[in-house]
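This report describes selected features of one protein model. The text follows the sequence and structure shown here.

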Amino acid sequence: MITAAVLGLSTSYFGGIGVPILPYFWPDLGFFQKKKFGKKPVRVYMDGCFDLMHYGHANALRQAKALGDELVVGVVSDEEIIANKGPPVLSMEERLVLVSGLKWVDEVIADAPYAITEKFMNSLFNEHKIDYIIHGDDPCLLPDGTDAYALAKKAGRYKQIKRTEGVSSTDIVGRILSSMRETETGSHSDTSLPEQYQKPNGYQAKESASSGAHTSHFLPTSRRIVQFSNGKGPGPDARVVYIDGAFDLFHAGHVEILKHARQLGDFLLVGIHSDQTVSECRGTHHPIMNLHERSLSVLACRYVDEVIIGAPWAVTKDMITTFNIYLVVRGTVSDSKYPPDGDVDPYAAPKSMGIFRMIESPRDTAAASVAKRIVANHDIYKKRNEKKGESEKRYYAEKKFVYGD
């Protein structure tokens with residue numbers, strides 16, 4: 001099944017497996033509450049920095065939601081992150097957009113503390129009516145070496161979920177820094193990076209074990225796709241809106257353009273371009289996240305109903321008929337140049353049918369601009385990653401099987 005999906009089939013190919021669907025429309029955070037008459041809903045709390053939001057964060061929150069009825073998520077403040085881990089890549093506002101855009105999240109608490117203090121824990125239990133505090137099976141230690149969740153464990157109100165292997169914010173920063181190093185010694189110029197990191201034309205890459213290649217531990221499975229998928233297709237009269245792109249380094253701009261697109265119809269179908277297509281459009285060292293990783297990040301978004309994994313670059317009439325597409329849209333901000341120079345217009349077919357629309361992107365964030373923040377603070381992130389990288393290596397060297405997920 002997974003092979004078929006890579007070739008461009010939609011995730012409904014995995015249909016037939018019942019996956020709960022959250023309703024699309026939500027006026028404010030916190031109103032996806034399951035109503036159980038005569039029984040108090042179980043409210044669970046999970047916190048995090050959620051910097052460089054990825055499918056590992058999404059899967060953690062999916063698991064947390066499964067332990068209760070309502071999921072409240074605490075987003076750690078910029079100040080607390082700086083004090084405990086170093087500067088975040090994304091602002092608090094961007095991280096709030098990303099977390100609130102996940103389909104499993106019911107409420108969000110901004111500026112949560114990094115450590116569960118007694119005062120904050122009492123606030124969770126008494127004001128927010130939290131029953132359990134959730135964290136992954138990987139240790140979360142404060143600078144003094146103590147467990148950040150010790151008080152919750154002592155109170156008997158702590159539950160643990162399985163860490164999602166294969167990705168972390170540290171890993172993504174490492175990939176970006178690694179790509180930057182390869183760009184310095186490679187043979188193809190990458191214009192999405194500042195001039196000092198672009199490769200001069202004709203410069204040949206040097207074979208080196210220290211070139212910075214960053215290996216992903218991610219192992220894609222059809223089961224994970226099913227867990228993230230809504231599991232249902234559109235109704236016969238549904239207005240299917242289609243939007244496509246790379247969706248690399250999934251960010252707040254992606255969430256908001258997907259929200260906008262979803263409001264134009266009844267069902268949002270998202271085409272995710274293959275790694276080869278992205279590389280041809282943006283350069284050899286792109287995408288940062290591979291096709292399956294990008295697909296999971298998009299599927300986790302509450303505004304997305306379905307994705308095409310490995311969507312074609314051009315939207316054809318046959319594709320429009322196959323998916324009964326009502327409207328094809330594209331945002332004004334993108335990492336890929338549009339209209340393309342000298343290339344065939346990928347939206348020629350929907351334009352000829354009168355079903356294409358450019359929509360104003362709510363913000364000017366792009367994957368390249370997120371990567372540039374890391375490049376601009378290269379020394380800070382390199383030092384932080386060297387420290388975090390050692391703990392990541394120890395985790396994989398010493399890891400043991402944990403049942404669950």
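Over the ring of which residue does the charged end of Arg157 sit? The charged end of Arg157 sits over the ring of Phe125, at 3.8 Å from the ring centre. The model is predicted, and the values below are computed from it.

## Rings and charges

A second contact of this kind involves Lys159, whose charged end sits over the ring of Tyr132, 4.2 Å from the centre.

Aromatic pairs were also searched for across the whole structure, and 4 were found. One of them joins Tyr149 and Tyr158: the ring centres are 6.0 Å apart and the planes meet at 50 degrees, so this pair is tilted. An angle of over 60 degrees would have counted as edge-to-face, and one under 30 degrees as stacked. Tyr149 is buried, because its relative accessibility is 2% and the cut-off for burial is under 20%. Tyr158 has a relative accessibility of 19% and therefore also counts as buried.

Tyr149 can be placed relative to Pro139 as well. These two residues are 10 positions apart along the chain, and their C-alpha atoms are separated by 9.3 Å. Pro139 belongs to the loop between strand 4 (132-136) and helix 6 (150-154). With a relative accessibility of 67%, Pro139 counts as exposed.

## The largest cavity

The structure holds 8 cavities of 30 Å³ or more. The largest cavity contains about 340 Å³ of space. It is lined by 24 residues, and those closest to its centre are Asp244, His254, Val333, Ser334 and Asp335. Sorted by class, the lining consists of 9 nonpolar, 10 polar and 5 charged residues.

Which elements each supply at least two residues of this lining? They are strand 6 (240-245), helix 9 (252-262) and strand 9 (325-331). Leu249 is located in the loop between strand 6 and helix 9. Its relative accessibility is 6%, so Leu249 counts as buried. The backbone of Leu249 is treated below.

## Arg175 and helix 11

Arg175 is part of helix 7 (residues 169-185). Is this residue buried or exposed? Arg175 is buried, because its relative accessible area is 8% and burial requires a value under 20%. Its side chain makes a polar contact of 2.8 Å with the side chain of Asp171. The side chain of Arg175 also reaches the backbone oxygen of Ile288, at a distance of 3.2 Å.

Further along the chain, Asn290 caps the N-terminal end of helix 11, with a side-chain oxygen 3.1 Å from the backbone nitrogen of His292. Helix 11 comprises residues 291-299, and 9 of the 9 are buried, so the helix is largely enclosed by the rest of the structure. Among the buried residues of helix 11 are the charged residues Glu293 and Arg294, along with His292, Ser295 and Ser297. Leu291, Leu296, Val298 and Leu299 are also in this buried set.

The loop between helix 10 (275-282) and helix 11 contains Pro287. The peptide bond from His286 to Pro287 is cis, with omega near 0 degrees.

## Backbone with positive phi

Two residues that are not glycine have positive phi values. They are set out in the table.

| Residue | Phi | Loop | Relative accessible area |
|---|---|---|---|
| Lys129 | about 55 degrees | between helix 5 (118-126) and strand 4 | 48%, partly exposed |
| Leu249 | near 50 degrees | between strand 6 and helix 9 | 6%, buried |

Lys129 is thus partly exposed, whereas Leu249 is buried.

## A contact across the sequence

Ala58 is found in helix 2 (residues 55-66). Its relative accessible area is 2%, so Ala58 is buried. How many residues separate Ala58 from Phe228 along the chain? The two are 170 residues apart along the chain, and the distance between their C-alpha atoms is 8.9 Å.

Note on methods: Residues numbered from 1 in each chain as written. Predicted model: local features only at pLDDT ≥ 70, side-chain atom pairs only at ≥ 80, totals over all residues. Heavy atoms only, no water. Helix = DSSP H or I, 4+ residues; strand = E, 2+ residues; numbered from the N terminus. Buried < 20%, exposed > 50% of the residue type's maximum accessible area, 1.4 Å probe, protein only. Polar contact = N/O pair within 3.5 Å; in protein donor to acceptor, adjacent residues only side chain to side chain. 1 Å grid on protein atoms, 1.4 Å probe; cavity = no way out; pocket = protein on both sides within 12 Å on 5 of 7 lines; lining within 4 Å. Points joined across faces, edges and corners; volume = space filled by probe spheres on them. Phe/Tyr/Trp six-rings, centres within 6.5 Å; stacked < 30°, edge-to-face > 60°. Lys NZ or Arg CZ within 6 Å of the ring centre and 35° of its normal.
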